[in-house]
Amino acid sequence: MNRNLGIVSISFLILSCIVEARPGAFDITSFSTAGGNDVSQALLEAWKQACAAPEPSSVVIPAGTFLASAVKFEGPCKAPIDLQIKGTLKAPEDHTLFKDDGWLTFHNVDRLTLSGGGIFDATGAKTWSLNECHKTISCDSFPISLFFNLVTNSVIQDITSKDSKFFHVNIIGSRNVTFQNITISAPGDSKNTDGIHIGRSTEINVLDSTIATGDDCVSLGDGSKQVKIEKVTCGPGHGISIGSLGKYPNEEPVEGVFVKNCTLIDTTNGVRIKTWPGSPDGVATDMHFEDIIVQNVQNPILIDQEYCPWNNCKQGQPSKIKISKVSFNNIKGTSALPLAVVLVCSTSIPCDGVEVGNVDLTYSGPQGPIATKCSNIKPIFTGTQNPPICTNSTQPTTPAP
């Protein structure tokens, strides 16, 4: 072999190895044996090193299937950090092995990217029959699959969450976080498996995602502000919900929610706002639902200030959550029940500034004509109205501009 050619070949090989093992990329298989073994410690060690790096870095879960028990990814980190999941991460089936609220928790992290096209499989099927949290406050705790607490300026994209034991995604106390191209998958009978729950967070976006679950596809708790939900396909599930609100004292206002270009298929609700009777004082304002398609949805449009599942509330006492500045515009499709539009507000603090425009819903079942119900509200109806406006409305239908 030509000596110079050999030197070039060796140099190229060394350069290739340096590029492939570039600093800033931490593959978990470098820290622990892959396969059926628990890689939790490998994840933690890779995270610690990546988080301490002064330059942008990444933790890589490669192709394959890996078992992981609870892991808490702590910040702050010195630079932007990326967790890339290319394979499948599986949780233990036994929920009693989890001592905290989350399976995978991200705490106090800025400039996080979670991506890679992989799957978070929480193996939750055995827990669903044990979950009584939809009936009572005093219930066993189940881990949330992906828990984001105090996360800022971050993007979660191109991942799948499967069969969570409790909520798939919970984001609390965070700001400027975008969820995009997320797939959430669980059967319709998986109890309390909300797709994405948002609470006490600002500037949160949920975009271009598909959510199938046993509870709300997207739910907003108190303190949710400047939230955009766009191009989300939901079903099965309980729809896209603001609330429930007013269950606890000292809840923060909900302000600035925009739901647009979403499709709901075979869900128990479409777009809804729900508050508890007998609630403390509260505010929910500036909430808008636009360009929504519903297919065989039981309650396409719903404001419910008498929300009381399993009679677990102070019945007969009005909600004190003030709902105002709400719009439902361009809602089309099919209702699974004849009562397609329900606007039931508080007897003590009626809803204010509710507009309903260009609603075109049909019902073909045997239970009677399609209808609208209004209570403690004077909505403004504009444009097409099918079903007809509620008979107790004091506002006439006016032509669309």
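Which strands each supply at least two residues of the lining of the second largest pocket? The tour returns to this question after a view of the whole chain and of the cysteines.

**The whole chain**

Begin with the entire protein chain selected, and bear in mind that this is a predicted model. The chain has 401 residues, of which 50% count as buried. Colour by secondary structure to bring out three helices and 26 strands. Among the contacts with a separation of 6 or more, 74% are between residues 24 or more positions apart.

Next, colour the chain by pLDDT. Its mean is 90, and 88% of the residues reach 70 or more. Two stretches should then be selected in turn. Over residues 1–22 pLDDT stays under 50, and the model gives this stretch one contact beyond four places in sequence. Residues 394–401 also have pLDDT under 50 throughout, but for them the model has 17 contacts beyond four places in sequence.

**The disulfides**

Now display the cysteine side chains. A disulfide is a covalent bond between the sulfur atoms of two cysteines. Four disulfides are found when the whole structure is searched; three of them are visited here.

Select cysteine 51 and cysteine 77, whose sulfur atoms lie 2.1 Å apart in a disulfide. This pair links distant parts of the chain, 26 residues apart: cysteine 51 belongs to helix H2 (residues 40–52), whereas cysteine 77 is in the loop between strand S4 (71–74) and strand S5 (81–85). The link is left-handed, with -105° about the S-S bond. Both cysteine 51 and cysteine 77 are buried.

Move on to cysteine 345 and cysteine 351, which are joined by a disulfide with an S to S distance of 1.9 Å. The torsion about the S-S bond of this pair is about -100°, and the disulfide is therefore left-handed. Cysteine 345 and cysteine 351 are both buried.

Then select cysteine 374 and cysteine 390, a disulfide with sulfur atoms 2.0 Å apart. Cysteine 374 is in strand S25 (residues 371–375), and cysteine 390 is in the segment after strand S26 (380–386), so the bond ties together parts that are 16 residues apart in sequence. Because the torsion about its S-S bond is about -80°, the disulfide of cysteine 374 and cysteine 390 is left-handed. Both of these cysteines, 374 and 390, are buried.

**A cysteine to compare**

Why does cysteine 262 have no bond to cysteine 234? Select both and look at the sulfur atoms: cysteine 234 holds the closest cysteine sulfur to that of cysteine 262, but the distance is 8.7 Å, too far for a bond. Cysteine 262 is buried, with a relative accessible area of 1%.

**The second largest pocket**

Finally, turn to the pocket named in the opening question. The second largest pocket has a volume of about 210 Å³. To find it, select Lys72, Asp100, Asp101, Gly102 and Thr105, which are the closest to its centre among the 13 residues of its lining.

The strands asked about at the start are S4, strand S7 (102–110) and strand S10 (144–162), each with at least two residues in the lining of this pocket. S7 provides the largest share, three residues. Colouring the lining of the second largest pocket by class shows six nonpolar, three polar and four charged residues.

Methods
Residues are numbered from 1 along each chain as its sequence is written. This is a predicted model: local features need pLDDT of at least 70, side-chain atom pairs count only at pLDDT 80 or more; totals for chains, interfaces and linings use all residues. Side-chain values use heavy atoms; hydrogens and water are left out. A disulfide is a pair of cysteine sulfur atoms within 2.5 Å. Helices (H or I, at least four residues) and strands (E, at least two) are DSSP runs, numbered from the N terminus. Buried means under 20% relative accessible area, exposed over 50%, partly exposed in between (1.4 Å probe, protein chains only). pLDDT is the predictor's confidence in each residue, from 0 to 100. Contact means heavy atoms within 4.5 Å. On a 1 Å grid over the protein atoms alone, a cavity is a set of points where a 1.4 Å probe fits but cannot get out, and a pocket is an open set with protein on both sides within 12 Å along at least five of seven lines; lining residues have an atom within 4 Å of a point. Grid points are joined across faces, edges and corners, and a volume is the space filled by probe spheres set on the points. Ala, Val, Leu, Ile, Met, Phe, Trp, Tyr, Cys and Pro count as nonpolar, Asp, Glu, Lys and Arg as charged, and the others, Gly among them, as polar.
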